[in-house]
Amino acid sequence: FTGKSSYEFGDVSKETVRRIAAGEVNMQDFILLLKILLAIGATIGPLAELLPFTFLLEALNISIEQKVGGKVMEVLAKSLDSRIVGALFTSDDKNLIGDVAKRSLLSGILSYTGKPNYESGDIQRAVLQHENEDHSEEKTLDIDVSEFAEWDNLFIEKLGAELDEAASIDPEELNTAKEMDMKIALALEG
């Protein structure tokens, strides 16, 4: 899967993110991957946290349109909320976005949630609320993603550096991470 002769922590995660960033992963296949990972008992939250914003947004919107529901939408919404909170309320350069992009982002979120202000968890709550309502037409997050390419590139660059630094991780956490990596690799290869 990674093209390497030996395994190092984070290899599968880095390769997955690289393939997503390069546009080599079909969105339908990715959603199927998430479902497979859930079916074999893997936690998908850590993988979702590694995804570029635009990919997360697209995955959530497709999940909404296809009425995927359940844990997949919950994890995608939570990860999207987490990224948005980081972008709006922290000064971490991995999360920084420009003022124009912030306005565009907030406008799309507030339109989706129907609220006058954004608070952490609003997307998750709105997804759950919309999922439980009977709609003939599903409402998606209408955000122009073209403004977020640079942000995603910075996120992926910083993420690669963080994964490289993770080599000093606790041995038990490393085993858990390796198990997750292997499940992802098996699901993608299968």
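A salt bridge here is a side-chain nitrogen of Lys or Arg within 4 Å of a carboxyl oxygen of Asp or Glu. Keep that in mind as you follow this tour of a predicted model, in which local features need pLDDT of at least 70, side-chain atom pairs count only at pLDDT 80 or more, and totals for chains, interfaces and linings use all residues. Residues are numbered from 1 along each chain as its sequence is written, and side-chain values use heavy atoms, with hydrogens and water left out.

**The whole chain**

Start with a cartoon view. The chain has 9 helices and 0 strands, where helices (H or I, at least four residues) and strands (E, at least two) are DSSP runs numbered from the N terminus. Switch to a surface next: the chain exposes about 10100 Å², and carbon and sulfur atoms supply 49% of that area. Accessible areas come from the Shrake-Rupley method with a 1.4 Å probe, and for residues only the protein chains shown count as cover.

Of the 190 residues in the chain, 43% are buried. Buried means under 20% relative accessible area, exposed means over 50%, and partly exposed lies in between (1.4 Å probe, protein chains only). Contact means heavy atoms within 4.5 Å. Among contacts between residues at least 6 apart in sequence, 73% join residues at least 24 apart.

**Stop 1: Lys71 and Glu74**

Select Lys71 and Glu74, whose side chains meet in a salt bridge at 3.4 Å, N to O. Both residues are in helix α5, 3 residues apart, which means about one helical turn separates them. Lys71 is partly exposed, with a relative accessible area of 42%, and Glu74 is also partly exposed, at 39%. The whole structure holds 5 salt bridges.

**Stop 2: Glu15 and Arg19**

Now go to helix α1 (residues 11-21), where Glu15 and Arg19 sit 4 residues apart, about one turn of the helix. Their salt bridge has its closest N and O atoms 2.8 Å apart. Colour the pair by accessibility: Glu15 is buried at 13%, while Arg19 is partly exposed at 23%.

**Stop 3: Asp81 and its surroundings**

Stay with acidic residues and select Asp81, further along in helix α5 (residues 70-89). Which side chain of opposite charge is nearest to this buried residue? It is Arg125, 6.5 Å away, and Asp81 has no salt bridge. For charge, Lys and Arg count as positive and Asp and Glu as negative, while His and the chain ends are not counted.

Show the backbone of Gln124 as well: its nitrogen lies 2.9 Å from a polar atom of the Asp81 side chain. A polar contact is a pair of N or O atoms within 3.5 Å; within protein, one must be able to donate a hydrogen and the other to accept it, and residues adjacent in sequence count only if both atoms are side-chain atoms. Leaving out residues up to four places away in sequence, Asp81 touches Tyr118, Gly121, Asp122, Ile123 and Gln124.

Two of these neighbours deserve a click. Gly121 belongs to the loop between α6 (99-113) and α7 (122-132), and is buried at 9% relative accessibility. Draw a distance from its C-alpha to that of Ala77: the two are 8.4 Å apart in space and 44 residues apart in sequence.

Then pick Asp122, which is buried at 2% relative accessibility. Asp122 forms a salt bridge with Lys115, with the closest N and O atoms 3.0 Å apart. Lys115 itself is partly exposed, at 29%. Add Arg125 to the selection, as salt bridges that share partners join Lys115, Asp122 and Arg125 into one network.

**Stop 4: Phe55 and Ser104**

Turn to Phe55 in helix α4 (residues 53-65), a buried residue with a relative accessible area of 8%. Beyond its neighbours within four places in sequence, Phe55 contacts Ile20, Val25, Met27 and Phe30. Its C-alpha is 9.2 Å from that of Val145, 90 residues away along the chain.

Ser104 is in helix α6 and is buried at 17%. With neighbours within four places in sequence set aside, its contacts are Ile143, Asp144 and Glu147.

**Last stop: a patch on the surface**

Finish with Leu32, Ile36 and Ile40, which make a nonpolar surface patch of about 240 Å². Patches are made of residues with over 30% relative accessible area and no salt bridge; like charges are joined within 9 Å, and nonpolar side chains (Val, Leu, Ile, Met, Phe, Trp, Tyr) within 5 Å. Leu32 is in helix α2 (residues 27-39) and is partly exposed, at 47% relative accessibility.
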